[in-house]
Amino acid sequence: AATAAPAVAEAVIEESPDGGETGGDDAADAEGDDELGGSAEGGEDNEGSAAGGPFDLVIFGNESADSGGFQVGVRVAHALDRMGVHFIEAGFPASNPKEAELFELLADEDFELAQICAFGMTRRRGIEAAKDPGMRALLQSEAPVCTIVGKTWDFHATEVLRVDLEENLAMIADSVAYLAGEGREVLYDAE
């Protein structure tokens, strides 16, 4: 997905400030299909989901939120959607209130293919998933997909998190079960 950056920039630049397109997106779409491994590179049509086909995930930050960056982020999300990206990881809503604001804007947007993902961590040790602030922030983001990162290497579990392996597995399982039980698709990022 990193190679798609020029096509995304071109697609976003070619949109007018009022959200209308000024033309030229056909070239950006064709370039994006090629760069994202679509039909131009081997006959695959880039259809599928995390469970059954090619998986595209794009992460973009919101460092420029104070200077209108949210509108740019929304435009980038639409450009990625037109390019055939299935999942757009839009940020870490528990990190700060500005991140959560972007998710509020994206919740009102319609996408043809792309699903917005919120990034977070497994529940903390010693806390129920339903009471964990990070889990609550993921749900409050209203993102249909939640990507959670967890410790998969035993060294990370025991030395970084300072939990035994059984508790580490419980943190992962509880987090996935809680979010899925709340109707979210969950992607696990095995760190």
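In this predicted model, helix 5 buries G134, M135, A137, L138 and L139. These buried residues pack against three neighbours, namely strand 3, strand 4 and helix 7. At the start of the helix, D132 brings a side-chain oxygen to within 2.9 Å of the backbone nitrogen of G134. After helix 5 comes E142, and its phi is positive, near 65°.

Two of the residues just met, M135 and L138, turn up again in the largest nonpolar core. That core has 25 residues, and I88, L106, I116, M135, L138 and L179 are the ones with the most contacts inside it. Several elements chip in with at least two residues each: helix 3 (69-83), helix 4 (97-107), strand 3 (115-121), helix 5 (133-140), strand 4 (145-150) and helix 7 (165-181). Helix 3 gives the largest share, six residues. Nonpolar side chains do tend to be buried together in soluble globular proteins. L179 shows what such packing looks like from one residue's point of view: leaving aside residues up to four places away in sequence, L179 touches M135, L138, L139, C146, I148, R184 and V186.

Now for the strands. Strand 2 (residues 87-89) and strand 3 run parallel and are joined by three bridges, with F87 partnered by Q115 of strand 3. Together with helix 4, these two strands make a right-handed β-α-β unit. Strand 3 also runs parallel to strand 4, this time with five bridges between them, and A118 stands opposite C146 of strand 4. To get from strand 3 to strand 4, the chain passes through helix 5, and this β-α-β crossover is right-handed.

Finally, the aromatic rings. Such a pair is described by how far apart the ring centres are and by the angle between the planes. The model has two aromatic pairs. In one of them, the rings of F92 and F119 have centres 5.6 Å apart and planes at 80°; angles over 60 degrees count as edge-to-face, so this pair is edge-to-face. The partners come from distant parts of the chain, 27 residues apart: F92 sits in the loop between strand 2 and helix 4, while F119 belongs to strand 3. F92 has 26% relative accessibility, so this residue counts as partly exposed. W153 and F155 make up a tilted pair, with 5.1 Å from centre to centre and 40° between the planes. F155 is partly exposed as well, because its relative accessible area is 44%, and partly exposed covers values between 20% and 50%.

Technical notes
Residues are numbered from 1 along each chain as its sequence is written. This is a predicted model: local features need pLDDT of at least 70, side-chain atom pairs count only at pLDDT 80 or more; totals for chains, interfaces and linings use all residues. Side-chain values use heavy atoms; hydrogens and water are left out. A nonpolar core is a set of buried Ala, Val, Leu, Ile, Met, Phe, Trp, Tyr and Cys residues joined through side-chain atoms within 4.5 Å. Buried means under 20% relative accessible area, exposed over 50%, partly exposed in between (1.4 Å probe, protein chains only). Helices (H or I, at least four residues) and strands (E, at least two) are DSSP runs, numbered from the N terminus. Contact means heavy atoms within 4.5 Å. A polar contact is a pair of N or O atoms within 3.5 Å; within protein, one must be able to donate a hydrogen and the other to accept it, and residues adjacent in sequence count only if both atoms are side-chain atoms. Two strands pair if DSSP finds at least two bridges between them. A crossover is right-handed if, with the strands pointing away from the viewer, the path from the first strand over the helix to the second runs clockwise. Rings of Phe, Tyr and Trp (its six-membered ring) pair if their centres lie within 6.5 Å; planes under 30 degrees apart count as stacked, over 60 as edge-to-face and the rest as tilted.
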